[in-house]
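Here is a friendly walk through one model, with the sequence and coordinates to hand. Have a look at the structure first, and then read on.

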Amino acid sequence: MTKRTKQRCKNPAAYGCSSCRMHGAHKSRNVLRGVNHPKYRNGERTRESEEQRRKSSAILLTLRDIGDHVNLFNGDYTRGRKPTGYVKYDMNDPEQLFFAILNVSKLSS
Ligand SMILES: [Zn+2]
C-alpha cells in the first residue's frame, strides 16, 4: 500500500520479496552468496582469494620498496595502480624502514 493514495502499489515485486523495490524489498539480504549463487563458476575470484591477492601484492610492493632503498634493482619502478592496503614507507627514516620489514614479515607468515 502506498502512503499517499492508500492504494496497492503497482510496481513488480523485487529480489524475491513480496514487495517492490521502493516498498521494502531488500536485495542485500536475499541475494545468494558464494557457491549458492547461480553465477558462481569457480573459486578464482572469491572475496577470500581477492583479499589474498591484495595482501601479497602489497607485500611484493613493499619488498620492492626495500630493494629500491638498498639499490638492489636497476630499471624502472613497477607500473600500475597500487594495491589496497599498501602503505608507502619513507625508507630514509630507520623507524619507517623497520615498520616496513616488520609488516612484510607479519603479513607473509
Ligand atoms: Zn511498492
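## Reading accessibility

A residue is called buried under 20% relative accessible area and exposed over 50%, with partly exposed in between. Keep in mind that this is a predicted model. By that scale F73 is partly exposed, because its relative accessible area is 36%. F73 sits in the loop between α2 and α3, the latter spanning 94–108.

F73 also has company at the surface: together with V70 and L72 it forms a nonpolar patch. The accessible area of these three residues adds up to about 300 Å².

## Two domains

How is the chain divided? The domain assignment gives domain 1 as 8–40 and domain 2 as 47–108. Between the C-alpha centres of domain 1 and domain 2 there are 41 Å.

## The zinc site

Which protein atoms serve as donors of the zinc ion? They are SG of C9, SG of C20 and ND1 of H23, at 1.8 to 2.3 Å from the ion. Along the sequence, these donor residues follow the spacing C-x10-C-x2-H.

Two of the donor residues can be placed on the accessibility scale. C20 has 4% relative accessibility, so it counts as buried. H23, at 38% relative accessibility, counts as partly exposed.

## T62 in helix α2

Helix α2 covers residues 47–69, and T62 is part of this helix. Is T62 buried or exposed? With 7% relative accessibility, T62 counts as buried.

What does T62 touch, leaving aside residues up to four places away in sequence? Its contacts are Y86, Y89, M91, A100 and V104. Y77 offers another distance to check: Y77 and T62 are 15 residues apart along the chain, and their C-alpha atoms are separated by 12 Å.

## Salt bridges

As a general point, side chains of opposite charge can pair when their charged atoms come close. How many salt bridges does a search of the whole structure find? The search turns up four, and three of these pairs are described here, starting with R45 and E50. The closest N and O atoms of R45 and E50 are 3.2 Å apart. R45 is exposed, because its relative accessible area is 64%, whereas E50, at 24% relative accessibility, counts as partly exposed.

Next come E51 and R54, whose side chains meet in a salt bridge at 3.1 Å from N to O. Why are E51 and R54 separated by about one helical turn? Because they are three residues apart in helix α2. E51 is partly exposed, with a relative accessible area of 41%, and R54 is partly exposed too, with 31%.

## A link between distant parts

The salt bridge between D65 and K88 has its closest N and O atoms 3.8 Å apart. This pair links distant parts of the chain: D65 belongs to helix α2, K88 to the loop between α2 and α3, and they are 23 residues apart.

Where do the two partners fall on the accessibility scale? D65 counts as buried, because its relative accessibility is 4%. K88, on the other hand, has 58% relative accessibility and so counts as exposed.

Technical notes. Residues numbered from 1 in each chain as written. Predicted model: local features only at pLDDT ≥ 70, side-chain atom pairs only at ≥ 80, totals over all residues. Heavy atoms only, no water. Helix = DSSP H or I, 4+ residues; strand = E, 2+ residues; numbered from the N terminus. Buried < 20%, exposed > 50% of the residue type's maximum accessible area, 1.4 Å probe, protein only. Contact = heavy atoms within 4.5 Å. Domains from an automatic or database assignment. Donors = N, O, S within 2.8 Å, 3.2 Å for Na, K, Ca; no water. Patch = residues over 30% accessible without salt bridge, like charges linked within 9 Å, V, L, I, M, F, W, Y side chains within 5 Å. Areas by Shrake-Rupley, 256 points an atom, 1.4 Å probe, with all protein chains shown as cover.
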